[in-house]
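Thanks for coming. I will take a few minutes to walk through one structure, so please have a look at it first.

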Amino acid sequence: MRAVGILLLASCVISCQNSPFSEVATNNKKPKKSVAPIDKFERKPFVYDSTKNYIYLTFDDGPQNGTQACYNLCKQLGVKATFFMVGKHASSPKTNAIVAEIREAYPNFLLCNHSTTHASGHYKYFYQHPQMATEDFYAAQKSLNVPYKIIRLPGNNAWVLKDAIKASHLVDSTCILLNNAGYNVIGWDVEWNFNHKTANPVQKPQRMAYVVHGALAKPKRLFTKNHVVILAHDRMFRNANYTDSLAKFITILKQNPKNVFETIDHYPRLE
Ligand SMILES: [Zn+2]
């Protein structure tokens, strides 16, 4: 990984800008009962508690078989989560309904952008054509009606925040274009791996919880101290026994009173 430039801000407050709903947000007249309520996607300042660990559960590649299981489980356990979705996967009334359900479930759940085509699996070609790659993200932003400009790159762990870009040489041109267009790119600190033949999770839930707590104990392993972004894929948990693995993982993390589950729009230093 080549760091293009990293500047860290001491401030722990997310500013309220660049939301696609900012026109609504900046209308500071209090709504009366007869007018539409303030849009729920209005960005509000977020103040962090330095005694807490912030855990961002993120599920990639939905809508797919497993998305509903992850969503239902997180809802049942009362934990927030983020779904990075792929535009072309929302191709039927059923999959579009899942996207809409998650979009509307904010602030407990957040829908984010994971491209239209997922690079069609050809990551090198995709990122070697940064203009084409960015258009692919813009199309997903529109087709999925993603509320915030928050992206995860397919097949690549890169970060673009308000004051920092961390990207490999392959993706740095794409990241710069996305940054210029006001997008955030979110990578991950810890990944729950899956078997590429079966899509089943590799690590046991106890092991994953240990890895997460280990990363929190050693801040150098994290992109931002006290904040851990966990990457998983919806399809890993589509079968009941593996939905149960996810439940065990979340239950172990919940036992630590310092742990707070948040959606990724509350990650520090977003645009
Ligand atoms: Zn993906």
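I will go through the metal site and then two residues.

This is a predicted model, where local features need pLDDT of at least 70, side-chain atom pairs count only at pLDDT 80 or more, and totals for chains, interfaces and linings use all residues. Residues are numbered from 1 along each chain as its sequence is written, and side-chain values use heavy atoms, with hydrogens and water left out.

Start with the zinc ion. Its protein donors are D61 (OD), H114 (NE2) and H118 (NE2), at 2.0 to 2.1 Å from the ion. Donors here are N, O and S atoms within 2.8 Å of the metal (3.2 Å for Na, K and Ca), and water is not among the atoms, so sites may look incomplete. Along the chain the donors have the spacing D-x52-H-x3-H.

Are these two histidines buried or exposed? H114 counts as buried because its relative accessibility is 2%. H118 counts as buried too, at 15%. The cut-offs are under 20% relative accessible area for buried, over 50% for exposed, and partly exposed in between (1.4 Å probe, protein chains only).

Next, N53. This residue sits in strand β2, residues 53–62; helices (H or I, at least four residues) and strands (E, at least two) are DSSP runs, numbered from the N terminus. N53 is buried, with a relative accessible area of 8%. Beyond its neighbours within four places in sequence, N53 is in contact (heavy atoms within 4.5 Å) with L216, N226, N256, K258, N259 and V260.

Last, S91. It lies in the loop between β3 (81–85) and α3 (93–104). S91 counts as exposed, at 61% relative accessibility.
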